Amino acid sequence: MKVFYVHNTPLAGLVALGQTGVFGGAAEKIHVDRLPFLKRRQHFMWAGKDADGREVYAVWMRLDGVILTRLIESFCELHHISREQYAVHQVPNPPDFRLRLVVLAYQLGLFGVARWLLQRTRGPGKTRVPRLAGVD
Amino acid sequence: MKIVYHCYGGTHSSVLAAAVHTRRLVPDRVPSPDELLALPLYDKQDGKDYGRIAAYGRDEAGNEIFVLGRRSYVQAPEMVFCGLRSAFKVAEPVKLVDTATTLNWQMKVGGYLSRGLGLKAIGRLIVTWGSHLAYPRVVSLVETIRKEVMSN
């Protein structure tokens with residue numbers, strides 16, 4: 001089973017990594033600078049495996065999430081990959097105000113600002129994985 | 001092999017290319033407006049179809065032909081399909097062909113009027129005129145792709 005988290009910003013990568021437990025326990029606090037994917041405008045990333053052993057991926061590009069989802073579904077239809085073998089989740093807008101600003105900055109193309117804000121969501125130089133409602 | 005012709009709406013240039021590739025349209029004669037409008041999917045897809053691949057038939061070598069609308073995100077199909085091929089370890093290649101390079105202003109304006117604004121009468125008049133003018137370019141692109149895939 002493969003799970004794809006899609007968004008139009010690198011937030012998809014953070015959410016996908018969060019699902020794999022990378023940010024849990026002692027490693028919860030991380031340096032934004034150690035996540036080079038946060039600089040990428042588009043990317044297809046393997047994040048690891050979640051607690052249920054599912055392979056977790058993040059896909060983002062400046063693109064309507066619905067179209068991104070349809071492209072994934074189209075590919076799977078094209079290659080006769082059944083719905084039981086994959087799931088696509090569109091990352092919802094985060095409830096946290098600062099994270100909303102991060103998303104807005106990314107969407108405006110202000111990647112430096114977005115990372116600067118992200119770094120400050122949980123203290124200087126460090127951040128935690130965003131907790132997002134609707135992502136299980 | 002699977003060949004996907006893609007353009008903004010997946011309803012004009014990509015459909016023309018798919019029709020030429022599958023020989024629904026003959027390459028050496030420019031089709032009439034009625035022939036164009038009778039083509040499956042020609043000037044029929046809209047917003048709800050963006051991102052969805054539609055089957056268009058097979059060529060004589062058995063290659064499967066598809067059309068796709070991807071709005072202005074030219075790189076999206078390549079990036080997503082490349083990642084998914086790797087994720088699912090799919091060996092069969094998919095040839096993605098951007099047909100927007102064959103567009104002219106008449107097709108853009110006509111397509112927008114017909115599909116975007118719903119002004120079908122005037123839109124179709126202009127888009128079929130544009131398709132008529134763009135036809136040699138579409139044929140040239142398709143013949144290049146056909147030679148490429150037939151030689152493999």
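## Positive phi in chain B

B:R23 lies in the loop that runs between α1 (13-21) and α2 (33-38) of chain B. This is a predicted model. The phi of B:R23 is near 65°, a positive value in a residue other than glycine. Most residues other than glycine have a negative phi. B:R23 is partly exposed, and its relative accessible area is 32%.

B:R71 also has a positive phi, near 50°, and is not a glycine. Its place is the loop between β3 (64-69) and α3 (76-88) of chain B. With a relative accessible area of 26%, B:R71 is partly exposed.

## Chain A: overall build

Chain A holds four helices and four strands. Read from the N terminus, the order of its elements is β-α-β-β-α-β-α-α. Chain A has 136 residues, and buried residues make up 53% of them.

The contacts of chain A can be split by sequence separation. Among those with a separation of 6 or more, 65% come from residues 24 or more positions apart. The exposed area of chain A is about 6700 Å². Carbon and sulfur atoms supply 50% of that area.

## Helix α2 of chain A

Helix α2 of chain A covers residues 65-78, which makes 14 residues. From first C-alpha to last, the helix reaches 20 Å. That is close to the 20 Å expected at 1.5 Å a residue.

Is the helix enclosed or open? Of the 14 residues of α2(A), 12 are buried, so the helix is largely enclosed by the rest of the structure. The cut-off for buried is under 20% relative accessible area. The buried residues include A:I67, A:L68, A:L71, A:I72, A:F75 and A:L78. Charged side chains are on the list too, among them A:R70 and A:E73. A:G65, A:T69, A:S74 and A:C76 are also buried.

Both ends of the helix have a local feature. At the start of α2(A), a side-chain oxygen of A:D64 comes to within 3.0 Å of the backbone nitrogen of A:V66. After α2(A) comes A:H80, which has a positive phi near 55°.

## Salt bridges

Over all chains, the structure holds 14 salt bridges. One of them joins A:K2 and A:E55, with the closest N and O atoms 3.1 Å apart. This pair links distant parts of the chain: A:K2 sits in strand β1 (residues 2-7) of chain A, and A:E55 in strand β3 (residues 55-60) of chain A. The two residues are 53 residues apart. A:K2 counts as buried, at 11% relative accessibility.

In chain B, the side chains of B:K48 and B:D49 meet in a salt bridge at 3.7 Å, N to O. Which partner is buried, and which is exposed? B:K48 is exposed, with a relative accessible area of 54%. B:D49 counts as buried at 17% relative accessibility.

## A strand-to-helix link and a network in chain B

B:K95 and B:E148 form a salt bridge through their side chains, 2.4 Å from N to O. The pair links distant parts of the chain, 53 residues apart. B:K95 belongs to strand β4 (residues 94-98) of chain B, and B:E148 to helix α5 (residues 120-151) of chain B. B:K95 counts as partly exposed at 21% relative accessibility. B:E148 counts as partly exposed as well, at 34%.

Chain B also has a salt-bridge network. B:K2, B:R58, B:E64 and B:E92 are joined into one network by salt bridges that share partners.

## Nonpolar surface patch in chain A

Which residues make the nonpolar surface patch? They are A:F97, A:L101, A:L104, A:L108, A:L110 and A:V113, and the patch measures about 570 Å². Helix α3 (residues 97-107) of chain A gives the largest share, three residues.

A:L108 lies in the loop between α3 and α4 (111-119) of chain A. A:L108 counts as exposed, at 56% relative accessibility.

Terms used:
Residues numbered from 1 in each chain as written. Chains lettered and ligands numbered in written order. Predicted model: local features only at pLDDT ≥ 70, side-chain atom pairs only at ≥ 80, totals over all residues. Heavy atoms only, no water. Buried < 20%, exposed > 50% of the residue type's maximum accessible area, 1.4 Å probe, protein only. Salt bridge = Lys/Arg side-chain N within 4 Å of Asp/Glu carboxyl O. Patch = residues over 30% accessible without salt bridge, like charges linked within 9 Å, V, L, I, M, F, W, Y side chains within 5 Å. Areas by Shrake-Rupley, 256 points an atom, 1.4 Å probe, with all protein chains shown as cover. Expected span 1.5 Å × (residues − 1). Polar contact = N/O pair within 3.5 Å; in protein donor to acceptor, adjacent residues only side chain to side chain. Contact = heavy atoms within 4.5 Å.
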